[in-house]
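Work through the exercises below with the model open beside you. Try each task before reading its solution.

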Amino acid sequence: MLVRILLTLATLGFSLIPVLADFNNTHATNPKWTGHARYHVVWQVMSYVFIAMISLFLIWGPIDPEGSLGLKLAAAIAVAVYAGFFAALFSMKLYDGRTFDDNGIQPIDAVGLKLDVNVTVFTTISIVLLIAILLIP
């Protein structure tokens, strides 16, 4: 049961959190973004929502009585999504990327350290995912 809960949290991390964080004036309705950029963020977030629906079925559905195949597939999907995030993060210099915009969600000042919200949240959820993977039978 713990593995299912952890995988569910990891799945919500790549689906529900982006819906809450990106469907507002910092991203999807940001007037400073081009219409095409807003289109891409909505496409990406909605794709993750539909992928999450598949993952949640694999985690909680009746397709595998023992549960390990569905859990492994759901974990693999989550790894692919989070790997995409970290690939984009570590290759930012190649495309002049940034983890935040000046008119978007700003880094959090935590005890003198500026922590990027995306990096902090997705690193934390990736650790949850790793624990879930280690617990899959």
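A residue counts as exposed when its relative accessible area is over 50%, as buried when that area is under 20%, and as partly exposed in between. Aspartate 96, at 71% relative accessibility, therefore counts as exposed. The model used throughout is predicted.

**Exercise 1. The overall layout**

Task: Describe the order of helices and strands in the protein chain, and its extent.

Solution.
- Step 1. Count the elements. The protein chain has five helices and two strands.
- Step 2. Read them along the sequence. The pattern is α-α-α-α-β-β-α.
- Step 3. Take the extent. The C-alpha trace spans about 50 × 35 × 25 Å along its principal axes.
- Step 4. Check burial. Of the 137 residues, 32% count as buried.
- Step 5. Check contact range. Take contacts with a separation of 6 or more; residues 24 or more positions apart account for 62% of them.

**Exercise 2. Helix α5**

Task: Find which residues of α5 are buried, and on which side of the helix they sit.

Solution.
- Step 1. Check the geometry. Helix α5 covers residues 117–135, 19 in number. From first C-alpha to last it reaches 27 Å, close to the 27 Å expected at 1.5 Å a residue.
- Step 2. List the buried residues. They are Phe122, Ile125, Ser126, Leu129 and Ala132.
- Step 3. Place them around the axis. They cover an arc of only 115°, so they lie on the same side of α5.
- Step 4. Ask what covers them. The cover includes α1 (2–22) and α3 (68–90).
- Step 5. Look at the N-terminal end. Aspartate 116 caps α5 there, with a side-chain oxygen 3.0 Å from the backbone nitrogen of asparagine 118.

**Exercise 3. Helix α2**

Task: Compare the span of α2 with the expected value, then find its packing partners.

Solution.
- Step 1. α2 has 26 residues and reaches 37 Å from its first C-alpha to its last. The expected span is 38 Å at 1.5 Å a residue, and the value found is close to it.
- Step 2. The buried residues of α2 are Val41, Val45, Val49, Ala52, Ser55, Leu58 and Ile59.
- Step 3. These buried residues pack against α1 and α3.

**Exercise 4. The nonpolar core**

Task: Which elements build the largest nonpolar core, and which of its residues touch the most other members?

Solution.
- Step 1. The core has 19 residues. Leu7, Phe14, Leu71, Tyr82, Leu129 and Ile136 touch the most other members.
- Step 2. The elements giving two or more residues are α1, α2, α3 and α5.
- Step 3. α3 gives the most, with six residues.
- Step 4. Follow one member. Leaving out residues up to four places away in sequence, isoleucine 136 touches Val3, Leu7, Ser68, Leu71, Lys72 and Ala75.

**Exercise 5. Two loop residues**

Task: Is asparagine 30 buried or exposed, and what does its side chain reach? Then trace the contacts of aspartate 101.

Solution.
- Step 1. Asparagine 30 is in the loop between α1 and α2 (35–60). Its relative accessibility is 1%, so it counts as buried.
- Step 2. The side chain of asparagine 30 reaches the backbone oxygen of threonine 26 at 3.3 Å.
- Step 3. Beyond four places in sequence, asparagine 30 is in contact with Asn24, Asn25, Arg38 and Asn103.
- Step 4. Aspartate 101 lies in the loop between α4 and β1. At 31% relative accessible area, aspartate 101 is partly exposed.
- Step 5. Aspartate 101 is in contact with Trp33 and Gln106, neighbours within four places left aside. Its side chain makes a polar contact with that of tryptophan 33 at 3.1 Å.
- Step 6. Aspartate 101 and threonine 26 are 75 residues apart in sequence, yet 8.3 Å apart in space, C-alpha to C-alpha.

**Exercise 6. Charge pairing and positive phi**

Task: Locate the salt bridge, then look at the phi angles of aspartate 96 and valine 111.

Solution.
- Step 1. Side chains of opposite charge can pair when their charged atoms come close.
- Step 2. The structure holds one salt bridge. Arginine 98 and aspartate 102 form it, at 3.1 Å, N to O.
- Step 3. Arginine 98 is partly exposed at 47% relative accessibility, while aspartate 102 is exposed at 61%.
- Step 4. Aspartate 96 lies in the loop between α4 (92–95) and β1 (108–110). Its phi is near 55°, a positive value in a residue other than glycine.
- Step 5. Valine 111 lies in the loop between β1 and β2 (113–115). Its phi is also positive, about 55°, although it is not a glycine. Valine 111 has 85% relative accessibility, so it counts as exposed.

How values were computed. Residues are numbered from 1 along each chain as its sequence is written. This is a predicted model: local features need pLDDT of at least 70, side-chain atom pairs count only at pLDDT 80 or more; totals for chains, interfaces and linings use all residues. Side-chain values use heavy atoms; hydrogens and water are left out. Helices (H or I, at least four residues) and strands (E, at least two) are DSSP runs, numbered from the N terminus. The expected span of a helix is 1.5 Å times one less than its number of residues. Buried means under 20% relative accessible area, exposed over 50%, partly exposed in between (1.4 Å probe, protein chains only). The arc is that of the directions from the helix axis to the C-beta atoms. Contact means heavy atoms within 4.5 Å. A polar contact is a pair of N or O atoms within 3.5 Å; within protein, one must be able to donate a hydrogen and the other to accept it, and residues adjacent in sequence count only if both atoms are side-chain atoms. A salt bridge is a side-chain nitrogen of Lys or Arg within 4 Å of a carboxyl oxygen of Asp or Glu. A nonpolar core is a set of buried Ala, Val, Leu, Ile, Met, Phe, Trp, Tyr and Cys residues joined through side-chain atoms within 4.5 Å.
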